[in-house]
Amino acid sequence: MGRLIILIVANVNKGISPIIATLLLIFIATVAVVLIWFWLPSLRTESRGSVSVLLKIEAVSVSSNRLTLYIRNIGNEEIKIDKVSIDDPATGLSKYIVDVGPLTLKPGQLETVNVSLPTGIQAGKYALRVLSTSGISIATYVVEISSVSQQPLQLPLFSIVSYNSTILGAPSSSKRLVVGLVNDGGASGVAVVRVLDSSGNVASSASVSLSPGQRTDVSLSVVLPPASGNYQWRIIAINSATGNQDDERTVLVQVVTYTPVFYIASYTGNITGAVSSRQLFNVTVTNSGNATGTVRVRVLDQAGNTVNSTVLAVPPGASVATSLALTLPSSSGTYSWTVQAVDNATGTIHDSKPITVRAVVYQPKFSIQSYNTSITGAAGLKQKIVVAVANTGNATGAVQVNIIDNNGNTVNSTTLSIPADQTATATLTVILPSSRGTYTWKIQALNLNTTRVDDEKTFMVSVYGELIKNGDFSQGSAYWTLQSPWRIDTSLQLARINLTNPRDISASISQNFTVSSAVTLTQLKLYYYMDAHPPGHAISLQLVVSIESGSTILWSQTISWQKRNEPSEDTFTAQLSIRLAPGTYTLRIKALLNAGGNLNQVDIRVDNVSLLYAP
């Protein structure tokens, strides 16, 4: 920045009146203020929030028809300029506004701006103001224009009005640079446009002929440096008529190495299947780099061997999904495998993820869930055992349910086919031992797929003495006393009352039994059936079961029909603990009907009567 020296001399003793001296001081002070305003602030700022945009006019060169401004962005933010105002320094008023852009200056960038002097401008001192595209004055500079040619320049004069301020590309790649050139002179001419690299070597050159006022675009091909980095190149416009460099611009060259970068975006983290089975593995790979590349997706087993792989081409910013068929190990167990994304060009592993592999042997496994923990009955009596078996394995299978007696003999068996996680029930009939006593029997669940016994349970078998003879009425009425209307139904082999239009009934069937030594009655069991039509007409229908000693009733229980639409049919079982002394006793089953009115039919049946005892 230049220095402004103001010398003020006043000598009132040399013939200058005080009034004139005072006026002279005021005039000089005013001029000094104006000069300070335009000379001192060679830079100004445009505030944008908390960041300042600073532009400085570092120098100005003057020719007869053009001003060349050297402007630098010394702020920290990009700024666009498009006009230069030529002002009267005395008044600060704009006299001319010349379009020069728009031009964009990045922080730190020095730009050469050519301003053609307007026709009619006079020699003298002017203040130059650079205006941003928003119309704000950013920088000022005072310049002295000593002489102005009022005649059109009879030589060409070239200005660069547009160009690529930044070139981005890969090392040694070819790029195209477009330079806008205008002839501001008064004659046609040839301009040589050259691109100079950071060492000053010519990277490209082209010539163009322009008429006065003509504008054109010059296209140049350049080869970028072989190493990545940022470079400062220049564009110059050389006037063939004068040999002078009419204009110059700077270009930022950014050389970038383009490479793909792969990562595994998603994949199947857990694989479970049968040993040696083929399972589908899904994986997605993303390229986060700046170039298309090929990636090898490979799956390695626990020993580092490749199970399967494939090669994918993935553009930058894209994701590609694929599936691989994997063969699981031949032995059951849990294994740690790995999926990798490998750059196919360099062999570099870009990403790696763990996979948990479970090889499973699929087979059924059976468990006994419920069963009869004990059965009781007379010697040689048939009894039913109900067994529920669950398949807790992972495959459908067959199980053989075996009932094994105390001697290890299979009393009965059946086979069930049960899907995985399902339960099935089997009912087996067994014949109790011929001798009284308590026995330990077993239930086995034999896995027919593995020939192994998967489960085994024990249960108690209690065989008691039987006091009732011909309890199934297979011998007709033998050993029984039947009161009318009881009779033996030989076709059904049971005791029965079956009447049409019946009246009240009170009749029994009975059997006397003798015990020679003291015994304990343990269980009474019988089958019964009761029905009366039409429903609701019978007032009551009952079977009264009793054990008597002479006229004394030792035990009694009543079975009642509940007047339902369907018959009442069931097996009646009573667990007893009655101690009998030696003697003769009676088991009585009495039918009681209170018929009411309009009863059409009654049907009462009794069968399989059993009375067990223990010593």
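About 30,100 Å² of the protein chain is exposed, and carbon and sulfur atoms supply 48% of that area. The model behind these values is a predicted one. Going inward, 42% of the chain's 615 residues count as buried. As for secondary structure, strands are what turns up again and again: there are 42 of them, alongside 1 helix. The chain also brings together residues from far along its sequence: take the contacts between residues at least 6 apart, and 67% of them join residues at least 24 apart.

Now for the pockets. The largest one has a volume of about 470 Å³. It is lined by 22 residues, and those closest to its centre are Leu381, Lys525, Asn608, Val609 and Ser610. Four elements each give two or more residues to this lining, namely β27 (382-391), β37 (519-533), β40 (568-580) and β42 (601-614). Sorted by class, the lining comes out as 10 polar, 8 nonpolar and 4 charged residues. Where does the largest pocket lie? Its lining takes residues from both domain 4 (366-463) and domain 5 (481-614), so the pocket sits between the two.

A single residue, Thr500, is worth a look too. Thr500 belongs to strand β35, which covers residues 494-500. Is Thr500 buried or exposed? Its relative accessibility is 62%, and because the cut-off for exposed is over 50%, Thr500 counts as exposed. Setting aside neighbours within four places in sequence, Thr500 is in contact with Asn600 and Gln601. Gln601 is 101 residues away from Thr500 along the chain, yet their C-alpha atoms are separated by 4.4 Å.

Methods:
Residues numbered from 1 in each chain as written. Predicted model: local features only at pLDDT ≥ 70, side-chain atom pairs only at ≥ 80, totals over all residues. Heavy atoms only, no water. Buried < 20%, exposed > 50% of the residue type's maximum accessible area, 1.4 Å probe, protein only. Contact = heavy atoms within 4.5 Å. 1 Å grid on protein atoms, 1.4 Å probe; cavity = no way out; pocket = protein on both sides within 12 Å on 5 of 7 lines; lining within 4 Å. Points joined across faces, edges and corners; volume = space filled by probe spheres on them. Nonpolar A, V, L, I, M, F, W, Y, C, P; charged D, E, K, R; others polar. Domains from an automatic or database assignment. Areas by Shrake-Rupley, 256 points an atom, 1.4 Å probe, with all protein chains shown as cover.
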